[in-house]
Amino acid sequence: MRRLFGSVRARATLAATLVVAVALVAAGAAVLLSLRSNLIGEAGTRAERSARAVASELAARTPYKDLSGLDGDDGPVQVVDEEGRLVAASEDLERITGTGTGEVTPSPAAPSGADDDEDSDDSGDDSDSGSDSDSDSDSDDSLEPGEIASGATFTNGSATIDGDTEDYRFAEVQVETHERGRLVVHAGAPLSAEHSAVNTALTVMLLGFPLLLAVVAGVTWLVTRRALRPVEGIRREMAAITASEDLARRVPEPATHDEIARLARTTNETLAALEASVERQRRFVADASHELRSPIASLRTQLEVAAAHPELLDLDGAVEDTVRLQHLAADLLLLARLDAGEKPAGTRVDLAALAREEAAGRSGVVVDAEPVEVAGSRGQLGRLLANLLDNAQRHARETVTVTVRREGERAVLGVADDGEGVPEADRERIFERFVRLDAARSRDDGGAGLGLAIARDVAARHGGTLTAGAAPAGGALFELRLPLVR
């Protein structure tokens with residue numbers, strides 16, 4: 001189970017299914033509530049219509065026994081007088097709830113409509129006094145004799161008519177009659193249609209929602225698998241590259257333009273950079289081994305000859321090979337530290353003073369510098385300048401010029417010679433490690449080809465650049481640009 005839900009596809013499918021399930025439940029509940037409310041509203045409208053029909057007959061002095069709404073065809077009806085007595089009810093009404101009175105049989109004390117009419121005709125005095133009483137009552141309740149209340153009150157309940165029990169929506173309507181006073185009519189409309197519609201909708205939802213969720217889960221599973229198929233291909237290829245250690249291989253790039261395609265391209269770019277880095281490292285180790293082999297072999301030969309023939313010992317050559325070996329080891333150590341990402345110290349360094357210090361004692365070197373301060377390692381910047389001066393002196397005919405100036409927010413240090421210069425096609429290649437353009441030049445004079453590579457690495461570590469160009473005098477011009485100290 002943990003492995004199953006540990007996959008992105010399973011989690012995406014589960015999340016999509018849960019979201020759709022919550023949405024369906026919320027939407028279903030809203031639909032059911034809206035449907036129920038509408039159907040109850042329609043039942044209430046029918047009940048109010050029935051109650052007003054009975055109230056209209058009462059307002060027209062229709063006797064209780066002749067009321068058309070008491071046949072029970074449209075629902076249960078109750079008529080209650082001001083004293084709360086049931087004066088009229090639907091035929092075959094056996095039980096009722098929700099109307100405020102549970103009586104189903106009219107009260108024996110209730111006068112019939114015909115008796116009321118006769119009493120009103122025969123007893124003029126009583127009629128007049130009843131009229132006065134009704135007038136007072138009407139004044140209190142703002143209803144005139146023969147007038148029906150504009151509003152209605154609704155309740156839910158149940159009723160049993162001729163043995164059939166159903167739920168009803170009841171409407172209560174008040175009517176002011178001429179001779180019988182204030183009457184309240186309760187009429188009900190069945191809620192069977194509402195219950196049936198809601199139950200049908202609920203059944204459809206209970207059957208349809210699981211099917212819909214299954215479809216959503218299946219579609220999400222298939223779509224996610226299709227979308228993640230390139231990712232699995234990338235993973236398999238990366239696993240194969242790791243196992244084979246073949247950095248020349250590349251992961252497949254899908255033809256799409258989405259995030260997975262960009263991931264594949266970035267992965268291939270990373271592999272290419274890693275392959276280039278490993279290749280440079282291998283070439284560096286091979287070149288370093290080759291460069292170290294020469295002075296070590298020369299030194300060993302001299303020592304072996306000296307051991308056999310002490311009088312033939314070339315002490316100056318042995319010392320020179322030892323110094324050359326020491327310099328090469330120091331260069332390799334510095335490159336290793338730069339490759340490891342060692343950050344230079346943030347001390348203030350005056351490039352003008354540093355240039356004069358490095359130029360001191362060198363023949364043919366002219367310094368034209370203004371005070372400019374940068375932040376960094378004085379030792380590494382001094383090594384950079386020394387390497388540039390060594391390179392310039394090897395190629396200069398007579399003069400090497402060092403300049404230091406401000407240029408915007410940067411300090412610019414230039415080292416120019418009056419030699420033959422560097423061909424434009426080789427102005428970047430000379431900064432590669434162990435590169436010497438003059439293949440015929442001896443190693444003793446030309447060095448190991450690490451000076452310019454070290455200089456550029458030091459410049460990069462100090463947030464600057466080192467470029468090669470043409471000097472005004474026709475030779476080579478190396479320009480170091482560093483940010484000014486803040």
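1. Let's start with Glu245. At 65% relative accessibility, Glu245 counts as exposed, because anything over 50% falls in that class. You'll find Glu245 in the loop between α4 (192–244) and α5 (259–308). Its backbone is worth a look too: Glu245 has a positive phi of about 60° although it is not a glycine. For background, most residues other than glycine have a negative phi. Keep in mind throughout that this is a predicted model.

2. Which other residue should you check for its phi? Try Arg61, which is not a glycine and yet has a positive phi of about 70°. Arg61 comes just after α1, in the loop between α1 and β1 (77–80). Is Arg61 buried, exposed or partly exposed? It is partly exposed, because its relative accessibility is 39%, and that class runs between 20% and 50%.

3. Now step back to the whole chain. The protein has 10 helices and 14 strands. Of its 486 residues, 36% count as buried. Take the contacts between residues at least 6 apart in sequence: 62% of them join residues at least 24 apart.

4. Helix α1 covers residues 8–59, which is 52 residues. From its first C-alpha to its last, α1 reaches 75 Å, close to the 76 Å expected at 1.5 Å a residue. Thr13 lies in this helix, α1. Thr13 counts as buried because its relative accessibility is 10%, under the 20% limit. What does Thr13 touch, once its neighbours within four places in sequence are left aside? The answer is Ala217, Thr220 and Trp221.

5. Next, have a look at Leu325, in helix α6 (residues 315–339). Leu325 and Arg293 are 32 residues apart in sequence, with 9.5 Å between their C-alpha atoms. Setting aside neighbours within four places in sequence, Leu325 is in contact with Leu292, Pro295 and Ile296.

6. Val349 is found in strand β8 (residues 347–350). Is Val349 buried or exposed? Val349 is buried, because its relative accessible area is 0%. Val349 and Glu373 are 24 residues apart along the chain, and their C-alpha atoms are separated by 5.4 Å. Not counting residues up to four places away in sequence, Val349 touches Leu354, Val372, Glu373, Val374, Gly376, Ser377, Arg378 and Leu381. Remember Leu354 and Leu381 from that list of contacts; they come back at the cavity in point 9.

7. Helix α8 (residues 378–395) deserves a point of its own. With 18 residues, α8 reaches 26 Å from its first C-alpha to its last, close to the 26 Å expected at 1.5 Å a residue. Many of its residues can be picked out as buried, including Gln380, Leu381, Gly382, Leu384, Leu385, Ala386 and Asn387. Further along α8, Leu388, Leu389, Asn391 and Ala392 are buried as well.

8. Where do the nonpolar side chains gather? The largest nonpolar core has 47 residues, and among them Leu388, Val415, Leu466 and Phe478 touch the most other members. Helix α8 gives the most to this core, with 6 residues. Try clicking on Leu388: leaving aside neighbours within four places in sequence, Leu388 is in contact with Val415, Leu452, Ala455, Leu466 and Phe478. There is also a second, separate core of 17 residues, which includes Ala51, Leu67, Val87 and Val175.

9. Last stop: empty space inside. Rolling a probe the size of a water molecule over the atoms shows where empty space is left. How many cavities of 30 Å³ or more does the structure hold? It holds 1, and the largest cavity has a volume of about 30 Å³. Lining the largest cavity are Leu351, Leu354, Leu381, Leu384, Leu385, Leu413 and Leu480. The elements that give two or more residues to this lining are α7 (351–359) and α8. Of the elements, α8 gives the most to the lining, with 3 residues. By class, the lining has 7 nonpolar, no polar and no charged residues.

How values were computed. Residues numbered from 1 in each chain as written. Predicted model: local features only at pLDDT ≥ 70, side-chain atom pairs only at ≥ 80, totals over all residues. Heavy atoms only, no water. Helix = DSSP H or I, 4+ residues; strand = E, 2+ residues; numbered from the N terminus. Contact = heavy atoms within 4.5 Å. Expected span 1.5 Å × (residues − 1). Buried < 20%, exposed > 50% of the residue type's maximum accessible area, 1.4 Å probe, protein only. Core = buried A, V, L, I, M, F, W, Y, C linked by side-chain atoms within 4.5 Å. 1 Å grid on protein atoms, 1.4 Å probe; cavity = no way out; pocket = protein on both sides within 12 Å on 5 of 7 lines; lining within 4 Å. Points joined across faces, edges and corners; volume = space filled by probe spheres on them. Nonpolar A, V, L, I, M, F, W, Y, C, P; charged D, E, K, R; others polar.
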